[in-house]
Amino acid sequence: MTLAASVALFSCPTSLACQAPGQQAKTDKLVARLERLEAELRQKSGPADPTPPSNPEKRLRWFGQHESMRDASPHKEMPWHFLGPDNVSGRVTDVAVPVPRGRTYTIYAATATGGVWRTDNEGTTWQPIFEQQLTTSIGDIALDPRDPDTLWVGTGEANIFRSSAAGCGVYKTNDAGKTWTYCGLGATNTIARVVVDPRDSNTVYVAASGHEWTDNPERGIYKTTDGGKNWQRVLFVNESTGAIDLVINPDNPDIVYAATWQRIRKRWNDPRVEPGSDGSGIWKSSDGGANWKQINKGLPAALDRGRIGIDLCLAQPSTLYAMVDSYEEAEGEPPRGEDSYGRERLKTIEGAQIYRSDDDGETWRKTSKADRYMRGACSTYGWVFGQVRADPVDPDTVYMMGLALNVSNDSGESFRRLRGMHGDHHALWIDPNNPSYLINGNDGGAAISYDGGKKWRTTTETLPAVQFYNVTYDMQTPFHIYGSIQDHGSRRGEVVIDRNRKRIVGRNWQGTSGGEASTHAVDPTDDNTLYSEGFYGSISRTNQETRKRTAIKPKNRKGEPKLRGQWLAPFIISPHNPRIIYHGMNHLFRSMDRGDKWQRISPDLSYADADKIGDIPYQTIFSIAESPQKFGYLYIGTDDGRVHRTFDGGANWQDITKGLAPHRWIARIEASRFAEGTIYVAQNGKRNDDFVAYLWRSTDHGTTWQDISEGIPGGPINVVREDPTDPDILYVGTDVGVYVSTDGAATWNVLGGGLPSTYVHDLVIHPRDDVAIIATHGRGMYALDVRPLRKQPEAEAEASDGAADAPAVRAERRRRR
């Protein structure tokens, strides 16, 4: 009920004429004023959000429908071809290793968004074993100590990166990954730890850290005693506090330790200790989880405790270590300059701290120093790491994971950095029989050391769990594809198509201009000119031949707030003139001279709610489209769910949001090449823990909207594209795969065969070579020949195949000589 309606009802609760003469007129005026005020507030913040987070039953049902559509698709014989890259890996969140080593060389690796992989030769080659499920975001894995073929998988990465994806509970295999059983806990969304009781294979504990973006009651410690058929929540703090770590005493498995973390990720702020957040701490149960007590004596105060990691020494289980992300303000350490992402530092906190207990957690003492080494161990994002490992034999040796893998041989008083592998560390296994044998998981894959970390062998070229954000192409022969990769910068590769189009391969992957979060565009008239955006709106122009790079970011105006740009701030080259560029921050900018000078051509097109402006740029432009038919007809979508249009190059703007899903991220706007006024909009609700498929079409420039999502069983949808030659063909990328319509969105089918269930973040169709390229966030890039979808005679297709492919084949042969 609105405030105005409440006033009216309160004034006359029986709905009868109950007021004195003249009083009703005063009430009517007050109600009218309140209605105007509420209208102004709605204009500022948008309509209310009517859609709650998606429940697991719906998500599982949607995925079942997807599987049925995949198996029955008329396009299932059209193969997807893996393009690579073959020299980059991705984030490994956990490893599980059968023992004793020597009898087996098997390793299991969990990846952030690429599923679970298995090697039987110590990482020489890997095979995906968990790749056709509702979610391939993995939080933790655990082997049954009594059966090395039984592996438990907790889905949903608990590190809650900006691009993390939600899980949907727990899975189990009893045959080393050949088949899987779903075991429930679907509403947890993220799982930080799974531990199997060494005495009983049916007794398993799960640390559930909960939804990334919204509060939910399915947080805490869960326990099953029947192999996952039923679960009991044995520890619960509140709906914003989940369990982030868990360890059991090997000598007495009834003793269980848990770490809880009170956190929520906001679209405008990283996770942090909020005012009143006192749920983070360490807990102990001595009776298998039936009863718990807090054991925080000696740790920082509750309001200063962020994420906590815990572990114990197997040889001396009364000795425990805790890694605490402390929000205590650092004394004598004023904030200096900018953080890793170019944001102004507001204050300096202590950050990573190591604590030790030698009395089963009853008391803790800080062993690490308060110095720059420790404050820099996790930089400004200690909430990403929080992993500590105790040496299984030596109680004085402890490993701390952060930007680097660090080891201390004096209980944490001093650390040294282990080098020779990628940065950003999330997993470490230490052989209990040979502590010099280490297996590490980081943002570059897995790494193995046989000498205590002096030398490492990495899986960069054998575990392709690559997290692309996007893809674009050039018009060279063979053509190149460009994309940015989480924590690996930007890459470029060649796409070579066989003469008969039966084989499409990617090769010659190399670094290119741009960072880990970069949009790319190549001048269609000059393949040497590459535009690339860095995170939060920085943009540059690079001559690919000379490598000369020119920064061309629009400047802030004096006296005004700093411009806000998304992590992947968008820009486009005008389809009418390649010298004209549009760049989106919270305002839209236009350059008529390739970025040398900029003109601000819009007001702030977001809701610009002051309460939602934080340390993460939000309320920004995320999608830009210009009509291919009319210059200056622009459509702009924001991350807070607004869409605007202009018909005069930005002189006047109209809000065309009405009819779309409120407050849902505008993931993509596509302006039709064929019909003036036709535009497509994909919205993404993942940052509301909403996984509905939102897809819209307008044929009147956005004045009205038609829902065209029917037939796509679930989302979120990340991208929509129109085929460059056939107006009836539309492509959609979701968090499980690719859909296509060949009849103007009347019906939808799963596109292609051989594609794992994966997060399709971007999709393009090469207009000359008729190849679809998808950028997945977890499995690299794939390609598919789209000619069989089109309404053209087979002979014509075959003739065009040979003509189009001959130059590419000749170029490939020249390189092989």
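# Salt bridges and an antiparallel sheet

Lys 266 and Glu 274 form a salt bridge in which the closest N and O atoms lie 3.7 Å apart. The model described here is a predicted one, and a search of the whole structure finds 38 salt bridges in it. The points below take up some of these charged contacts, and then turn to an open sheet of 4 strands.

**The pair Lys 266 and Glu 274**

- Lys 266 is partly exposed, its relative accessible area being 28%, and its partner Glu 274 is likewise partly exposed, with a value of 23%.
- Both residues count as partly exposed because their relative accessible areas, 28% for Lys 266 and 23% for Glu 274, fall between the limits of 20% and 50%.

**The pair Glu 560 and Arg 600**

- A salt bridge joins the side chains of Glu 560 and Arg 600, with a distance of 3.1 Å from N to O.
- This pair links distant parts of the chain, since Glu 560 belongs to the loop between strand E37 (549–551) and strand E38 (571–573), whereas Arg 600 lies in strand E41 (residues 599–600), the two being 40 residues apart.
- Glu 560 is partly exposed, at a relative accessible area of 37%, whereas Arg 600 has a relative accessibility of 17% and therefore counts as buried, the cut-off being under 20%.

**The pair Arg 768 and Asp 769**

- Arg 768 and Asp 769 form a salt bridge whose closest N and O atoms are 2.6 Å apart.
- Arg 768 counts as partly exposed at 29% relative accessibility, while Asp 769, at 5%, counts as buried.

**A network of charged side chains**

- Side chains of opposite charge can pair when their charged atoms come close.
- A network of salt bridges links Arg 668, Glu 670 and Arg 673 with Arg 721, Glu 722 and Asp 762.

**The open sheet E14-E15-E16-E17**

- In this open sheet, 4 strands are arranged in the order E14-E15-E16-E17, and their pairing is antiparallel.
- Strand E14 (241–248) and strand E17 (293–294) stand at the edges, where each has a single partner strand, so that one side of each is left without a neighbour in the sheet.
- Strand E16 (residues 281–285) pairs with E17 in the antiparallel sense over 2 bridges, and Lys 284 stands opposite Lys 293 in E17.
- Strands of a sheet pair through backbone hydrogen bonds, either parallel or antiparallel.

Conventions: Residues are numbered from 1 along each chain as its sequence is written. This is a predicted model: local features need pLDDT of at least 70, side-chain atom pairs count only at pLDDT 80 or more; totals for chains, interfaces and linings use all residues. Side-chain values use heavy atoms; hydrogens and water are left out. A salt bridge is a side-chain nitrogen of Lys or Arg within 4 Å of a carboxyl oxygen of Asp or Glu. Buried means under 20% relative accessible area, exposed over 50%, partly exposed in between (1.4 Å probe, protein chains only). Two strands pair if DSSP finds at least two bridges between them.
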